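Visitor: Got a minute to walk me through this one? I'd like to start with what counts as buried.

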Amino acid sequence: MTHFTVRLFADTLGKYTQCEVLLPDRPEPGRPVPALYLLHGLSDDQSIWMRRTAIELYAGGLYLAVVMPNGDRSFYSDLRDGSRYFAYLTEELPALMESYFPLSRERSGRFVAGLSMGGWGAFKAALDRPDRYAAAAGLSSVCDLKWLREGNPALYAANFGADYEPAPPNDLFAAAERVAALPPAERPALFQYCGVDDFLWKDNLRFRDHLRALGLDPRWEEGPGGHSWGNWDERIRHVLAWLPLSENTTKTGSIGV
């Protein structure tokens with residue numbers, strides 16, 4: 001794959017930011033490349049997926065682009081200071097990437113995934129904007145902002161306000177209820193993984209059961225271990241194999257699942 005580091009000014013953030021982009025070495029003229037927007041966690045930045053996993057190797061067997069933006073510590077949300085990270089992720093960034101690179105502009109060719117805070121962002125994006133994403137995957141995801149309010153009240157207050165009560169899109173449970181009311185063809189496919197020793201295990205089970213009760217039927221995976229890159233490196237291969245890519249998206253080789 002070809003690796004680009006993109007530095008750009010984001011109007012929604014009011015500042016310069018950076019993202020990493022992986023693109024097939026030889027995009028075919030007239031054949032748009034499906035794109036996976038891959039999100040980092042709370043303590044990381046846009047470089048972490050490439051430093052801690054073999055995402056470039058795994059995606060190299062597919063006709064697929066991977067876009068890894070910097071979400072800072074925003075929970076991919078529009079913040080009380082005016083920084084609009086959710087608008088950046090779901091509107092400005094895709095528009096820019098699709099103008100810079102030969103990426104698909106269709107819902108069927110746009111996916112989002114992430115870990116921990118990034119899993120929250122992925123589910124949030126797809127459940128609030130199901131018209132824009134065909135699939136979303138969350139690995140060891142934050143599923144409820146109560147976790148942040150109780151675990152890091154200073155960051156919660158800085159991002160949302162100490163008295164803020166989550167509502168869609170920041171209430172994933174309520175956002176899922178809205179999606180469940182849509183015709184099946186308009187609902188994004190969902191993939192959820194969490195390790196049984198993860199501190200977010202119980203919240204992930206609760207969210208999984210909620211999705212199942214709504215008839216959204218996520219692809220659920222679990223396994224030993226906790227909140228660790230060893231687990232995420234393995235599971236991102238499962239996500240890539242699960243993505244609803246068209247039949248002619250495999251280039252060469254295998255992603256090793």
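Guide: Sure. Buried here means under 20% relative accessible area. Keep in mind that this is a predicted model.

Visitor: OK, so which residues of strand 6 are buried on one side, and which on the other?

Guide: Ala135, Ala137 and Leu139 are buried on one side, and Ala136 and Gly138 are buried on the other, so both faces are covered. In a regular strand the side chains alternate between the two faces of the sheet.

Visitor: And why is strand 6 called largely enclosed?

Guide: Because 5 of the 5 residues in strand 6, residues 135–139, are buried.

Visitor: What does strand 5 do with strand 6?

Guide: Strand 5, residues 110–115, pairs with strand 6 in the parallel sense over 5 bridges. Glycine 114 has glycine 138 of strand 6 as its bridge partner. Between the two strands the chain passes through helix 4, and that β-α-β crossover is right-handed.

Visitor: How many bridges join strand 6 to strand 7?

Guide: 5 bridges, and those two run parallel as well. Alanine 137 has phenylalanine 191 of strand 7 as its bridge partner.

Visitor: Switching topic: glutamate 221, buried or exposed?

Guide: Buried, with a relative accessible area of 9%. Glutamate 221 sits in strand 8.

Visitor: Which side chains make polar contacts with glutamate 221?

Guide: Arginine 219 does, at 2.8 Å, and so does histidine 238, at 2.9 Å. Not counting residues up to four places away in sequence, glutamate 221 touches Phe191, Gln192, Tyr193, Cys194, Arg235 and His238.

Visitor: Now helix 8. Which residues are buried there?

Guide: Trp201, Asn204, Phe207, Arg208, His210 and Leu211. What covers them includes helix 4, helix 7, strand 7 and strand 8.

Visitor: How far does helix 8 reach from its first C-alpha to its last?

Guide: It reaches 18 Å with 13 residues, residues 201–213, close to the 18 Å expected. Glycine 215 follows helix 8, and its phi is positive, near 85°.

Visitor: Last one: which residues have the most contacts inside the largest nonpolar core?

Guide: Phe75, Met97, Leu103 and Val112, in a core of 55 residues. Apart from that core lies another of 30 residues, with Ala59, Val66, Phe191 and Trp229 among them.

Visitor: And what is leucine 103 in contact with?

Guide: Leaving aside neighbours within four places in sequence, leucine 103 is in contact with Leu23, Pro32, Val33, Ala35, Tyr37, Ala65, Val67, Met97 and Glu98.

Note on methods:
Residues numbered from 1 in each chain as written. Predicted model: local features only at pLDDT ≥ 70, side-chain atom pairs only at ≥ 80, totals over all residues. Heavy atoms only, no water. Helix = DSSP H or I, 4+ residues; strand = E, 2+ residues; numbered from the N terminus. Expected span 1.5 Å × (residues − 1). Buried < 20%, exposed > 50% of the residue type's maximum accessible area, 1.4 Å probe, protein only. Contact = heavy atoms within 4.5 Å. Core = buried A, V, L, I, M, F, W, Y, C linked by side-chain atoms within 4.5 Å. Polar contact = N/O pair within 3.5 Å; in protein donor to acceptor, adjacent residues only side chain to side chain. Pairing = 2+ DSSP bridges. Right-handed = clockwise from strand over helix to strand, strands pointing away.
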